Structures are given as C-alpha cells and as structure tokens.
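Me: Hi! Could you walk me through this structure in simple words?
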Amino acid sequence: MTAAVTTDTEHDEAPDTGDGGRGAARRFGALALAAAVVVGLLLGYAGGLLTPALTRPGDSSAEAGFARDMTAHHAQAVAMGLLAFRQGQDPEVRQMGGDIATGQQGEIGTMQTWLRSWKLDPTGDQPPMAWMSDGAAVKNGLMPGMATPEEMAKLRAAGGREFDVLFLQLMIRHHVGGVHMIDGILDQGHDDDVLAVAQVMKNTQQNDLTNLTAALKRLGGTL
C-alpha cells in the first residue's frame with residue numbers, strides 16, 4: 001500500500017472570478033495556508049523525533065500498520081480540507097477545512113518520523129487495515145470513511161452551498177472512519193508515545209465532528 005502524502009497541488013490555482021480583488025485575496029490565503037501546511041508537516045516531523053527508541057515496534061506491529069494507514073487516511077483529509085479552504089462559500093466551512101488540513105498534515109509528519117525512527121519502510125507490504133484485529137472492512141481498497149475517487153471528483157466540481165454540504169458530509173464520514181482506526185490502535189498498541197498521540201488525534205477528531213455536524217445542520221444538509 002502506498003501512503004502518499006498529498007496536498008492536492010493540481011488544484012492550487014484559483015480561477016480569476018472578476019470579483020473585485022476577492023479572488024486575489026483568496027489566492028493569497030491559499031498560499032498562506034499552503035505555507036502553514038508545510039510548517040505543520042515540519043513540526044510533526046520534529047515531534048516524531050522525540051519518540052523514544054529504546055524499544056521499536058516491528059514491521060508487522062499494530063503501531064507500524066496504524067502509522068502507515070493513518071498517513072494515507074490523513075492525506076485524503078488534507079486534500080479535502082484544502083479544497084474547502086479554497087472553494088467553500090461558508091466562512092466556517094473554509095476555516096474548518098484549513099484547520100483540518102494543517103492539523104492532519106502535522107500528524108502525518110509525526111507518523112512518518114516514527115516509521116523512520118523504527119527503521120521501517122514508510123509504506124510496507126501489508127494490505128490496508130491488516131493490523132486491526134476486528135478485520136475492519138476495506139471497500140474497493142479504501143479504508144473506513146474514505147471518499148471514493150468519484151466522490152472526490154464531485155467535490156472538486158461543486159460550488160456554493162452544494163460544495164459546503166458535500167464537504168461536510170464527506171468529512172464527517174471520513175472522521176468517523178478515522179476514529180474507528182484510532183480506537184483500534186488504542187486497543188492494540190503498546191508504544192506509549194503512539195498511544196498518547198492517538199488519544200490527542202481522537203479528541204481532536206471528535207471535537208471536529210461536533211463542529212462539522214452543527215455546520216451541516218445549520219446549512220440544512222443531512223447525513
């Protein structure tokens with residue numbers, strides 16, 4: 001499985017909307033967010049370097065599987081968050097998208113640094129979710145909550161309220177799947193540093209879910 005880190009760069013260019021300067025401001029904001037994502041990634045790498053190396057999880061450990069799979073899972077959330085920041089109509093949707101993108105990019109940095117410090121391949125050769133004892137379903141190669149390529153294409157093509165509602169629906173589902181994976185490592189993991197970071201991830205995503213669900217209700221969308 002390839003756990004590619006992405007910022008969805010093929011869509012970085014914002015169109016000239018003739019909106020009296022707002023398009024330029026949005027492009028500036030997108031550049032600022034891109035810089036923030038990079039900073040978050042670097043901070044994540046720095047945080048990961050603090051992982052104790054006295055005992056290293058093995059290649060088939062739950063910790064290694066979690067780090068690899070959650071990197072891929074987070075990468076899609078980063079792409080979705082950047083889309084929301086650039087294309088969202090609702091200010092809260094744009095803000096949440098930017099926050100999710102920067103936060104999860106930083107966590108990607110932490111998880112990839114763990115794998116390096118454990119002397120493990122960043123992608124591995126195990127199928128997705130093989131580390132989870134409950135045999136969580138993988139549908140069409142996608143981990144729990146992940147959007148399909150068709151759903152991502154629909155999100156990219158959407159605009160206005162349609163985009164905002166679709167983003168919220170997809171991100172809620174994405175986070176619910178992410179929390180399920182985090183619960184897996186909290187149940188099966190043994191590395192104290194990994195468990196501590198995973199608990200922070202869960203707390204953050206549960207808080208996000210509260211805000212995402214409230215925004216969807218406010219915009220008149222349904223789950």
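Me: Let's begin with F167: is F167 buried or exposed?
Reply: F167 counts as buried because its relative accessibility is 0%. Buried means under 20% relative accessible area, exposed means over 50%, and partly exposed is in between, using a 1.4 Å probe and protein chains only. One thing to know early on: this is a predicted model, where local features need pLDDT of at least 70, side-chain atom pairs count only at pLDDT 80 or more, and totals for chains, interfaces and linings use all residues. Residues are numbered from 1 along each chain as its sequence is written, and side-chain values use heavy atoms, with hydrogens and water left out.

Me: Cool. Which ring does F167 pair with?
Reply: F167 forms a stacked aromatic pair with F163, at 6.3 Å centre to centre and 5° between the planes. Rings of Phe, Tyr and Trp (its six-membered ring) pair if their centres lie within 6.5 Å; planes under 30 degrees apart are stacked, over 60 edge-to-face, and the rest tilted.

Me: And where do F163 and F167 lie?
Reply: Both lie in helix α5 (residues 160-188), four residues apart, about one turn of the helix. Helices (H or I, at least four residues) and strands (E, at least two) are DSSP runs, numbered from the N terminus. An α-helix has 3.6 residues a turn, so residues three or four places apart point the same way. F163 also counts as buried, with 0% relative accessibility.

Me: How many aromatic pairs does the structure hold?
Reply: There are three aromatic pairs. One of them is edge-to-face: F66 and W131, 5.8 Å centre to centre with 85° between the planes. This pair links distant parts of the chain, with F66 in helix α2 (residues 62-87) and W131 in the loop between α3 (91-117) and α4 (149-157), 65 residues apart. F66 is buried at 0% relative accessibility, and W131 is buried with a relative accessible area of 10%.

Me: New topic: how many salt bridges are there?
Reply: The structure holds five salt bridges. A salt bridge is a side-chain nitrogen of Lys or Arg within 4 Å of a carboxyl oxygen of Asp or Glu. One of them joins R218 and E92, with the closest N and O atoms 2.8 Å apart. That pair links distant parts of the chain: R218 is in helix α6, E92 is in helix α3, and they are 126 residues apart.

Me: What else is linked with E92 and R218?
Reply: D90 is, since D90, E92 and R218 are linked in a network of salt bridges.

Me: Which residue does K202 meet in a salt bridge?
Reply: K202 meets D183, at 2.7 Å from N to O. Here K202 sits in helix α6 and D183 in helix α5, 19 residues apart. K202 is buried, with a relative accessible area of 17%, whereas D183 is partly exposed at 26%.

Me: α6 keeps popping up. How many residues does α6 have?
Reply: Helix α6 (residues 192-218) has 27 residues, and its first C-alpha to its last spans 39 Å, close to the 39 Å expected at 1.5 Å a residue. The expected span is 1.5 Å times one less than the number of residues.

Me: What do the buried residues of α6 pack against?
Reply: They pack against α2, α3 and α5, where contact means heavy atoms within 4.5 Å. Among those buried residues are V194, M201, L209 and L212.

Me: Last one: what comes just after α6?
Reply: Just after α6 comes G220, which takes a positive phi of about 80°.
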